[in-house]
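Student: Please take a close look at one part of this structure for me: the packing. Then connect it to what surrounds it.

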Amino acid sequence: MPQIVFDHVTKIFDDEDLVLEDVSFSVEKGEFVFLIGRSGVGKSSILKLLSRQTEITEGKILVDGVDAGSLRAREVPFFRRKFGIMQADMGCLQDRTVYENILLALRSSGYSRRKSRGKILEALGRVGMASKAEFYPRELSVGEEARVLLARALVTDPQIILADEPTANLDGDRAWDMMCLLDEINRKGVTVIVSCHSPELVNIMHKRVLTLVEGVLVSDRKRAGYSSKALDIYEERRIRQLREEKNRQKK
Ligand SMILES: Nc1ncnc2c1ncn2[C@@H]1O[C@H](COP(=O)(O)OP(=O)(O)OP(=O)(O)O)[C@@H](O)[C@H]1O
Ligand SMILES: [Mg+2]
């Protein structure tokens with residue numbers, strides 16, 4: 001059975017804003033997957049649905065056979081431990097050192113303080129940041145801070161990394177550096193799902209690419225490059241027209 005299954009998933013915000021429409025795909029353990037598409041097509045929404053930061057409207061999401069929609073509130077934190085999350089609205093706390101930032105993530109996942117030091121230094125080592133453990137975020141470069149966020153995502157030994165635009169603030173070499181780190185982690189068996197805007201990076205990495213247009217999954221290709229559909233306004237218009245047509249028929 002695949003590690004992740006999206007089975008006809010639809011997400012509607014506030015009863016009217018259709019964000020994802022009938023999205024189905026599955027991901028095997030150890031895959032590396034890009035999510036691409038223009039701004040607002042639903043990339044972050046897919047990642048947030050997966051880690052149960054938001055709930056689906058219709059359909060089903062299974063992770064290791066567990067139905068994310070049927071979890072009780074008290075089961076959600078345990079479920080979330082499957083994931084290491086990098087996303088823009090989860091930055092470093094500026095008044096804590098790198099070490100303390102990662103310690104907080106470990107503690108909130110329920111790990112004991114006793115074993116934490118070794119784990120934190122190991123995670124920092126994996127991203128080449130062990131020597132900066134006592135630095136404050138403001139003392140780091142943008143690229144270094146991004147690596148700390150990756151270390152924080154890794155420290156709980158998650159089976160799946162969800163990285164939402166991990167290269168958004170990074171320029172050429174630094175963005176490439178981040179992709180290489182994600183690739184390395186993936187080679188050790190961790191499933192990696194990355195949303196990405198950069199055609200250049202997606203083309204070089206040559207991984208599986210899921211392309212979204214207007215909340216619809218329009219292509220799913222292995223060892224692929226940046227799909228031209230992701231930027232195709234005609235495709236976008238076609239989907240909107242189909243949707244309007246369907247709505248008219250319903251009325
Ligand atoms: N909490 C929310 N409430 C209402 N609408 C939301 C919410 N979160 C996202 N949306 C809407 O869902 C749509 C998809 O948003 P999402 O953040 O998934 O897009 P995205 O593909 O990640 O875009 P970007 O590339 O800009 O990050 C947008 O139209 C957005 O306004
Ligand atoms: Mg997004």
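Tutor: The answer below starts with the domains, goes on to the packing, and ends with single residues and the ligand.

This is a predicted model, in which local features need pLDDT of at least 70, side-chain atom pairs count only at pLDDT 80 or more, and totals for chains, interfaces and linings use all residues. Residues are numbered from 1 along each chain as its sequence is written, while chains are lettered from A and ligands numbered from 1 in the order in which they are written.

The domain assignment gives domain 1 as 4-82 + 159-250. Domain 2 is 93-156. These bounds come from an automatic or database domain assignment. Taken over C-alpha atoms, the domain centres are 26 Å apart. Ten residues of domain 1 contact ten residues of domain 2. Contact means that the C-beta atoms, placed from the backbone, lie within 7 Å. On the domain 1 side, helix 6 (residues 172-187) gives the most, with five residues. Helices are DSSP runs (H or I, at least four residues), strands are E runs of at least two, and both are numbered from the N terminus. That side of domain 1 has six nonpolar, one polar and three charged residues. Here Ala, Val, Leu, Ile, Met, Phe, Trp, Tyr, Cys and Pro count as nonpolar, Asp, Glu, Lys and Arg as charged, and the others, Gly among them, as polar.

Now the core. The largest nonpolar core has 68 residues. Such a core is a set of buried Ala, Val, Leu, Ile, Met, Phe, Trp, Tyr and Cys residues joined through C-beta atoms within 7 Å. Buried means 20 or more other C-beta atoms within 10 Å of the residue's own; exposed means 12 or fewer, and partly exposed lies in between, with C-beta atoms placed from the backbone. Phe34, Leu35, Ile61, Ile102, Ala151, Leu162 and Ile193 touch the most other members. Helix 5 (residues 142-154) supplies the largest share, seven residues. Both domains give residues to this core, so it lies between them. Take Phe34 from that list. Leaving aside neighbours within four places in sequence, Phe34 contacts Val194, Cys196, Val202, Lys207, Arg208, Val209 and Leu210.

Next, helix 4 (residues 116-126). Its buried residues are Ile120, Ala123 and Leu124. Seen down the helix axis, they fall within an arc of 100°, so they line one face of helix 4. The arc is that of the directions from the helix axis to the C-beta atoms. These buried residues pack against helix 3 (98-108) and helix 5. Leu103 is in helix 3. With 20 C-beta neighbours inside 10 Å, Leu103 counts as buried. Neighbours within four places aside, Leu103 contacts Ser116 and Ile120. Just after helix 4, Gly128 takes a positive phi of about 70°.

Two residues that are not glycine also have a positive phi: Asp15 at about 65° and Asp22 at about 50°. Most residues other than glycine have a negative phi. Asp15 sits in the loop between strand 1 (4-13) and strand 2. Asp15 is exposed, with 6 other C-beta atoms within 10 Å. Asp22 is in strand 2. Asp22 is partly exposed, with 14 such atoms within 10 Å.

Strand 2 (17-27) leads to the ligand. Strand 2 and helix 1 (43-50) are the elements that give two or more residues to the shell around ligand 1. Helix 1 gives the most, three residues. The shell is Phe13, Asp14, Asp17, Val19, Gly37, Ser39, Gly40, Val41, Gly42, Lys43, Ser44 and Ser45. A residue counts here if its C-beta atom, placed from the backbone, lies within 6 Å of the ligand. By class, the shell has three nonpolar, six polar and three charged residues.

Last, Thr191 and Glu165. Thr191 is in strand 8 (residues 191-195). Thr191 is buried, with 22 C-beta neighbours inside 10 Å. Beyond four places in sequence, its contacts are Gln3, Val27, Lys29, Gly30, Glu31, Gln159 and Ile160. Glu165 lies in the loop between strand 7 (160-164) and helix 6. Glu165 has 19 C-beta neighbours inside 10 Å and counts as partly exposed. Not counting residues up to four places away, Glu165 touches Ala88, Ser195, Cys196 and His197.

Key: Two residues are in contact if their C-beta atoms, placed from the backbone, lie within 7 Å.
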